[in-house]
Amino acid sequence: MSNVHVITHPLVQHKLTLMRRKDASTNSFRRLLGELSTLMAYEITRDMPLSDLEIETPLETMTGRVIDGKKQVLVSILRAGNGFLDGMLNVIPGARIGHIGLYRDPDTLQPVEYYFKMPSEMQERDVIVVDPMLATGNSAAAAVDRIKKLSPRSIKFVCLLAAPEGVATLQKAHPDVPIYTAAIDRELNEHGYILPGLGDAGDRIFGTK
């Protein structure tokens, strides 16, 4: 699991614990996810390449260092991945946005694609795939499969929670893709939900259950 990064910053862990509580309201859950995704974005983008830029300060000319936000693409696995976007855009506001629609067949637990829309010129871009839960790992692996066909410069996968089974599935399918998460939980139940987990992230973000 050398390519798995658990973000242990105290603020991340604190907010995640508050989100896990079953009595957290939709408003509270959504707000905490935005705050937590902003914090995670700092860790995920730590190795972003920089380029030199000549600027004028009030006193003189100097060469500073900047990132090219337009090279970044945030890819949301619908629908729950959308909960990550606002928080991450606080850190990299110039990023483009892609969407991939996948739902999990309740009988087979396999992903079924229903939507795919990406920015142009993906070969020049670094992709951050976001989805709150890495459960079975099947949807994540399918999403990365699809994105790799566009030959981006790099791909990272980001989630709030991961199950050991999901980590194993994604790493087996895509050992070159680093995984960033706030926690690796104990296991999956018979329905493919993470335990102890936080329930259905999409339902809790959008208040649909």
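## Exercises on a predicted chain

The accessible surface of the chain comes to about 10800 Å², and 52% of that area belongs to carbon and sulfur atoms. Areas come from the Shrake-Rupley method with a 1.4 Å probe, and for residues only the protein chains shown count as cover.

The model is predicted, so local features need pLDDT of at least 70 and side-chain atom pairs count only at pLDDT 80 or more, while totals for chains, interfaces and linings use all residues. Residues are numbered from 1 along each chain as its sequence is written, and side-chain values use heavy atoms, with hydrogens and water left out.

**Exercise 1.** Compare the radius of gyration of the chain with that of a compact globule of 209 residues.

Solution.
- The rule, applied over C-alpha atoms, is 2.2 Å times the number of residues to the power 0.38.
- For 209 residues this gives a radius near 17 Å; the chain has 18 Å, so the two agree.
- Along the principal axes, the C-alpha atoms fill a box of roughly 65 × 40 × 30 Å.
- Buried residues, meaning those under 20% relative accessible area (exposed is over 50%, partly exposed in between; 1.4 Å probe, protein chains only), make up 48% of the 209.

**Exercise 2.** State what share of the contacts between residues at least 6 apart in sequence joins residues at least 24 apart.

Solution.
- A contact means heavy atoms within 4.5 Å.
- Of the contacts in the chain that pass the separation of at least 6, 66% join residues at least 24 apart.

**Exercise 3.** Check the length of helix H2, residues 26-44, and find what its buried residues pack against.

Solution.
- Helices are DSSP runs of H or I with at least four residues, strands are runs of E with at least two, and both are numbered from the N terminus. By this count the chain has six helices and twelve strands.
- The expected span is 1.5 Å times one less than the number of residues. For the 19 residues of H2 this gives 27 Å; the end C-alpha atoms are 26 Å apart, which agrees.
- Buried residues of H2 include Phe29, Leu32, Leu36, Met40 and Ile44.
- The buried residues of H2 pack against helices H1 (10-20), H3 (82-89) and H6 (201-206), and against strands S7 (126-130), S9 (154-162) and S10 (179-184).
- From the H1 side, Lys15 is in contact with Leu32, Glu35, Leu36 and Leu39, leaving aside neighbours within four places in sequence. Lys15 counts as buried because its relative accessibility is 14%.
- In H3 the buried residues are Gly83, Phe84, Leu85, Gly87 and Met88. Their cover includes H2, S4 (72-78), S5 (96-104), S7, S9 and H6.

**Exercise 4.** Classify Gly166, Gly192 and Lys209 as buried or exposed.

Solution.
- Gly166, in helix H5 (residues 164-173), has a relative accessible area of 0% and is therefore buried. Not counting residues up to four places away in sequence, Gly166 touches Leu134, Ala135, Thr136 and Gly137.
- Gly192, in the loop between strands S11 (187-188) and S12 (194-195), counts as buried at 3% relative accessibility. The C-alpha atoms of Gly192 and Glu165 are 9.8 Å apart, with their positions 27 residues apart along the chain.
- Lys209, in the segment after H6, is exposed, with a relative accessible area of 83%. Its C-alpha atom is 22 Å from that of Val112, 97 residues away along the chain.
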